[in-house]
Amino acid sequence: MDKFVVLGGNKLNGEITISGAKNAAVAVIPATILSDDICRIENIPNINDVSVIAHILSEIGAKVRMINKSTLEIDPRNIMSPVSSSDLMRHMRASYYLLGSLLGRFSRAIVALPGGCDFGVRPIDQHLKGFAALGARYKVEGGVVNIEADELIGNNVYMDVVSVGATINIMLAAVKAKGLTVIENAAKEPHIVDLANFLNSMGAEIMGAGTDIIKIKGVDYLKGTTYSIIPDQIEAGTYMVAAAAAGGNVLVRNIIPKHMESITAKLEEIGVTVIEYDDSIRIIRENVLNKCNIKTMPHPGFPTDMQPQITTLLSVANGTSIVTEGVWDNRFRYVDELRRMGAKISVDGKLAVVEGVEKLIGSSVKATDLRAGAAMIIAGLMASGTTTIEGIEYIERGYENIINKLTALGADIKRIRVQEEEMAKAL
Ligand code: EPU
């Protein structure tokens, strides 16, 4: 298995271009199942999660082909069965969007339970509650969800927790249901708006995405479309924090600054200069970093998917910061790895007390999940000496070309084969 090796201490300077949003792409791709014609999706990020979901679609009969480096063409007309039992389902969370999409198309879905990053229990009760409100019956047995409806009929769904996945899945199931569906207490993340825009571009009638009440008027037919995915908010935030951590001056391009507001506000509080342009943001870090308290929350709050990266930055800030995880039960597992690098962080349940230290020290660490992996890279960039990161398959699930993008900014980061590392030690 390959590893990343980071030699810390280089400042980051230059420009970086952000790819299409992972969490939008992994919703839009299965949503094409609902289309009655061919769809072209542009600005697709070249990451493993996208390959896996595209592969799952081709396994159930869709014709999927890459037209160019970032455009995917999907013809869903040959999908004949509502069953997806692929082993691949267990590799990624977003495979559960097959539930809403297949149910919406066939009034039936038989789908293996999803996998994905482990942040503690990841229930799907709100998804099932939504499907049931639309008239579906379900059974969960032997790791498979089996759902069926005589006919899907629009209804009011009040979500007990704000869930990105459940909001998306209910939208997918409701888009061709009979009558009006109203989702209350809906999630408001940018990728929810992106999915609604994609479905509307096919002829769906979805109103209110981006607010906590989404109204979906069912339609009979969805035409083919060409649609471009929004830029990745979390990829952009990760590079903004990386630039703040390493120091230097970086222009982060192809972003929607509005999506970055919660991250921008916290970086400014920490003492980083953030200059916003129409579709880019410049990060300049010259001074010491200040402590800062952060609580993650559903959008427009500070995103949980930026929590490991910002906590890593705060590990070298002046003073003691409190980071509260407001979304997941168990998202501080990576802290043990940061401690190996000299960070002083104590965790009590969903709360981390981060006592800033002067410097992190390069060490051997592992990526415990996708964003934790990004945090390890950030730690490596600002540490003294060499940091070796295992578990890079997590990182490559969600970050396109991360080595090249960071190297172009002046970072010293390489991907090596374990055998090469052993040989280097022997020399
Ligand atoms: N929850 C329930 N019941 C449900 C669904 C969720 O109790 O039926 C709870 C969860 O346990 C959690 C909270 O609701 O405490 C939020 O979960 P949500 O459903 O919003 O998360 P998700 O849809 O499974 C997506 C992203 C995650 C991101 C979360 C929160 C995708 C593919 N994944 O997950 O992204 O952390 O929303 O913003 O969109 C990542 O990209 O690294 C990542 C993990």
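Start by selecting N43, which is found in the loop between β3 (39-42) and α2 (48-59); helices (H or I, at least four residues) and strands (E, at least two) are DSSP runs, numbered from the N terminus. N43 is not a glycine, yet its phi is positive, about 60°. Before moving on, a word on what is loaded: this is a predicted model, where local features need pLDDT of at least 70, side-chain atom pairs count only at pLDDT 80 or more, and totals for chains, interfaces and linings use all residues. Residues are numbered from 1 along each chain as its sequence is written, and side-chain values use heavy atoms, with hydrogens and water left out.

Next, go to N185, in the loop between β11 (180-184) and α6 (190-201). Here too phi is positive, near 60°, in a residue other than glycine.

Now pick H299 and P300, which are joined by a cis peptide bond with omega about 10°. P300 belongs to the loop between β18 (294-295) and α9 (307-314). Why stop at such places? Because most residues other than glycine have a negative phi, and most peptide bonds are trans.

Then select the ligand and everything around it (a heavy atom within 4 Å). Of the 24 residues this brings up, Q126, S163, V164, D305 and V327 come nearest. By class, the shell has eleven nonpolar, six polar and seven charged residues; Ala, Val, Leu, Ile, Met, Phe, Trp, Tyr, Cys and Pro count as nonpolar, Asp, Glu, Lys and Arg as charged, and the others, Gly among them, as polar.

Which elements give two or more residues to this shell? They are α1 (22-31), α4 (125-133), α5 (164-174) and α11 (370-382), and α4 has the largest share, three residues. Colour by domain next: domain 1 (2-18 + 231-426) and domain 2 (22-217) both contribute to the shell, so the ligand lies between them. Those bounds come from an automatic or database domain assignment.

Finally, zoom in on individual atoms. A polar side-chain atom of D125 is 2.8 Å from a ligand nitrogen. A polar backbone atom of V327 lies 2.6 Å from an oxygen atom of the ligand, and an N or O atom in the side chain of W328 is 3.1 Å from a ligand oxygen.

Methods. Polar contact = N/O pair within 3.5 Å; in protein donor to acceptor, adjacent residues only side chain to side chain.
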